[in-house]
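These notes are meant for a colleague who is opening this structure for the first time. Please read them with the sequence and the model side by side, taking the points in order.

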Amino acid sequence: MEEAWSDMLKRSTKDQRQEVGFWIYYDPVKKQYYIGKKRYGTPAKNYKKARAGINLGDKSPSVNGVPTTAKVVASFHTHTPMTEIKGKKRKAGPSKEDKGNADKNRIPIIVYDYIGTKDPRTNDYYVIGGHK
């Protein structure tokens, strides 16, 4: 997960940014966890919108380089910085789309994101454009 976060930061430039993610598996035969093939979201242009996106694609073990006896137990992806998106903000943590995908796939979702700044009126945390 730390590697994916570092990879995402390297892909974040003054012009665009890109989410990074993968499926997480557990093999009950080997009693071991695995991560699937690392995937990259479509590059999001900084001048357009605050949110980026990712599609983790096929979750079949064979496509993701894990034992065929492994089962998907969760999905993981990063959210991107908003350093270059001044004047906008987004809620920190899983988005509505993230939660919808977790419900649709019936598996937990792990999102690596910034903590954000707390809005005292709503108690929600936001990633504010222009942060360091």
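1. The model is a predicted one, and a good place to begin is an open sheet of three strands, in which the order is β7-β10-β9 and the pairing is antiparallel. The edges of this sheet are taken by β7 (89–91) and β9 (117–118), and because each has a single partner strand, one side of each is left without a neighbour in the sheet.

2. Within that sheet, three bridges join β7 to strand β10 (residues 125–128) in the antiparallel sense, and Lys 91 has Tyr 126 as its bridge partner in β10. Tyr 126 also takes part in a contact through its ring, since the charged end of Lys 89 sits over that ring at 4.3 Å from its centre.

3. At the other edge, Lys 118 has its place in strand β9 and counts as partly exposed because its relative accessible area, 43%, falls between the 20% and 50% limits. Once its neighbours within four places in sequence are left aside, Lys 118 is in contact with Asn 123, Asp 124 and Tyr 125. The C-alpha atom of Lys 118 is separated by 26 Å from that of Ala 4, a residue 114 places away along the chain.

4. Which core is the largest nonpolar one, and which residues make it up? It consists of eight residues, namely Ala 4, Trp 5, Met 8, Val 20, Phe 22, Ile 24, Ala 74 and Phe 76, and the elements that contribute two or more residues to it are α1, β2 and β6 (71–78). A second, separate core has seven residues, among them Trp 23, Tyr 25, Val 66 and Ile 107. As a general background to such groups, nonpolar side chains in soluble globular proteins tend to be buried together.

5. Phe 22, a member of the largest core, has contacts that include Met 1, Ala 4, Ile 35, Leu 56 and Phe 76, when neighbours within four places in sequence are not considered.

6. Four aromatic pairs are counted in the model. In one of them, the rings of Trp 5 and Tyr 112 have centres 4.4 Å apart and planes at 15°, and the pair is therefore stacked. This pair links distant parts of the chain, with Trp 5 in helix α1 (residues 2–10) and Tyr 112 in strand β8 (residues 109–112), 107 residues apart. Trp 5 is buried, at a relative accessible area of 11%, whereas Tyr 112 is partly exposed, at 22%. Together with Tyr 114, Trp 5 and Tyr 112 form one aromatic cluster.

7. Another pair of strands, β2 (residues 20–27) and β3 (residues 32–35), is antiparallel and held over four bridges, and Tyr 25 has Tyr 34 as its bridge partner in β3. The hairpin of β2 and β3 has four residues between the strands, and there Lys 31 takes a positive phi near 50°.

8. Is Asn 64 buried or exposed? This residue, which lies in helix α2 (residues 61–64), is buried because its relative accessible area of 5% is under the 20% limit. Not counting residues up to four places away in sequence, Asn 64 touches several others, including Trp 23, Tyr 25, Ile 35, Arg 39 and Asp 58.

9. A last contact to inspect is that of Arg 11, which lies over the face of Tyr 40 at 3.6 Å from the ring centre.

Conventions: Residues are numbered from 1 along each chain as its sequence is written. This is a predicted model: local features need pLDDT of at least 70, side-chain atom pairs count only at pLDDT 80 or more; totals for chains, interfaces and linings use all residues. Side-chain values use heavy atoms; hydrogens and water are left out. Two strands pair if DSSP finds at least two bridges between them. Rings of Phe, Tyr and Trp (its six-membered ring) pair if their centres lie within 6.5 Å; planes under 30 degrees apart count as stacked, over 60 as edge-to-face and the rest as tilted. Buried means under 20% relative accessible area, exposed over 50%, partly exposed in between (1.4 Å probe, protein chains only). A charge sits over a ring if NZ of Lys or CZ of Arg is within 6 Å of the ring centre and within 35 degrees of the ring normal. Contact means heavy atoms within 4.5 Å. A nonpolar core is a set of buried Ala, Val, Leu, Ile, Met, Phe, Trp, Tyr and Cys residues joined through side-chain atoms within 4.5 Å.
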